[in-house]
Amino acid sequence: MAQLLDGKAVAKTLKEEIRQEIAQWREKGVQPKLAVILVGDDPASVVYAKSKQKVSESLGMAFELFTLPADTAETEVLTLIERLNGDTQTHGIMIELPLPKHIAKERIMAAVLPEKDVDGVHPVNRGYILSGQKGLFPATPQSCIEILLRSGVEIAGKHVVIVGRGETVGKPLVFLILKHNATVTICHSKTPDLSYHTRQADILIAAVGRAKLIKKDMVKPGAVVVDAGINEIPGGICGDVDFEAVKDVAGLISPVPGGVGSLTTALIMRNVLQGIALQRGNQK
Ligand code: NAP
């Protein structure tokens, strides 16, 4: 029976570190602040925005939520972003997705100053992740790495197999994992014989969005299994891994909920702090 990769415990440690760093900035006269822009009233986005507000405030981070009606013109959203880019009291800007159809997501993402782009979606940050330079990177791929390293799992030298090449999780994760000196295989919906590849993994990471896709016979005995998936099922959520079956063969496994997802909001807060350092030319 596998041991758990306990996302809640890792998140607690991480939040304590962030709380301390925020306190240090405040002692220097800087009040770290995150601004979240919500266009429309998508129920999940409202929940995510409120959750960020709660975590921000519990850590001593200032927070401002800009709620705009669903029919807001794109130019109006861009004007708000422009204002927040120039506001020295705002250190992180996040736009909740999805945006209404009449707003071009790419134009909005590219409008945020890269040093304030705490979601790690600006093309410049996308480039930095490739080149290995300092930048702001998406929270969920970072969560996969943090949950491993902070649970004592060595990544260097391991064969990591990632299932999913999505823009939010799989693709950025490839480059973050490579930086940790793993050998990486990436699989997707067009990969023939997915099981063959997943069975080679020392560390298997699922980022697909298909409930319980990864079955017991797809996992090498003793492997570490990280589940980044979130799928709605009747009565709650589940991951991309068939947890109940796979836990009997894996060495370590992250649950859903209580795994990767537990870390993501904290890592957005950490991005705000990294953003402050970048905005100030890396001085802390
Ligand atoms: P996405 O953009 O939809 O990408 C899904 C990927 O899975 C694609 O590369 C797709 O392949 C691949 N795929 C789909 N069906 C497959 C199959 N049967 N076999 C192998 N690969 C398959 O998803 P995403 O935004 O990256 O998100 C991935 C998962 O992470 C979702 O469950 C999402 O809910 C979750 N997520 C979690 C958090 C968190 O906080 N924990 C945050 C964001 C996302 P193709 O490229 O060939 O289409």
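**Exercise 1. State how much surface the chain exposes and what share of it carbon and sulfur atoms supply, then set this beside the share of buried residues.**

Solution. In this predicted model, the exposed surface of the chain comes to about 13400 Å². Carbon and sulfur atoms supply 53% of that area. Turning from the surface to the interior, and counting a residue as buried when its relative accessible area is under 20%, one finds that buried residues make up 50% of the 284 residues.

**Exercise 2. Decide whether the radius of gyration of the chain agrees or disagrees with that of a compact globule, and describe the overall dimensions and the contacts.**

Solution. Begin with the expectation: a compact globule of 284 residues would have a radius of gyration near 19 Å, and because the chain has 19 Å, the two agree. Next, take the extent along the principal axes, where the C-alpha trace spans about 55 × 40 × 35 Å. Finally, consider the contacts with a separation of 6 or more, of which 72% are accounted for by residues 24 or more positions apart.

**Exercise 3. Describe the division of the chain into domains and secondary-structure elements.**

Solution. The domain assignment gives domain 1 (31-113) and domain 2 (139-262), and the centres of these two domains, taken over C-alpha atoms, are separated by 29 Å. The secondary structure of the chain comes to ten helices and eleven strands.

**Exercise 4. Identify the residues that touch the most other members of the largest nonpolar core, and trace what contributes to this core.**

Solution. The largest nonpolar core holds 51 residues, and Leu34, Ile205 and Val226 are those that touch the most other members. Helix H10 (residues 264-279) gives the most to this core, namely seven residues, while domain 1 (31-113) and domain 2 (139-262) each provide at least three. For a closer view of one member, leave aside residues up to four places away in sequence: isoleucine 205 then touches Cys144, Val160, Val161, Ile162, Val163, Leu173, Ile177 and Val226. A second core, separate from the largest one, has 18 residues, among them Val161, Ile214, Val219 and Val246.

**Exercise 5. Determine how many residues of helix H6 (residues 139-149) are buried, and name elements that cover them.**

Solution. Ten of the eleven residues of H6 are buried, so that the helix is mostly covered. The buried residues run through Ala139, Thr140, Pro141, Gln142, Ser143, Cys144, Ile145, Glu146, Ile147 and Leu148. The cover over them includes helices H1 (7-27), H7 (170-179) and H10, together with strands E7 (203-206) and E8 (224-227).

Terms used
Residues numbered from 1 in each chain as written. Predicted model: local features only at pLDDT ≥ 70, side-chain atom pairs only at ≥ 80, totals over all residues. Heavy atoms only, no water. Core = buried A, V, L, I, M, F, W, Y, C linked by side-chain atoms within 4.5 Å. Buried < 20%, exposed > 50% of the residue type's maximum accessible area, 1.4 Å probe, protein only. Helix = DSSP H or I, 4+ residues; strand = E, 2+ residues; numbered from the N terminus. Domains from an automatic or database assignment. Contact = heavy atoms within 4.5 Å. Rg over C-alpha atoms; globule rule 2.2 N^0.38 Å. Areas by Shrake-Rupley, 256 points an atom, 1.4 Å probe, with all protein chains shown as cover.
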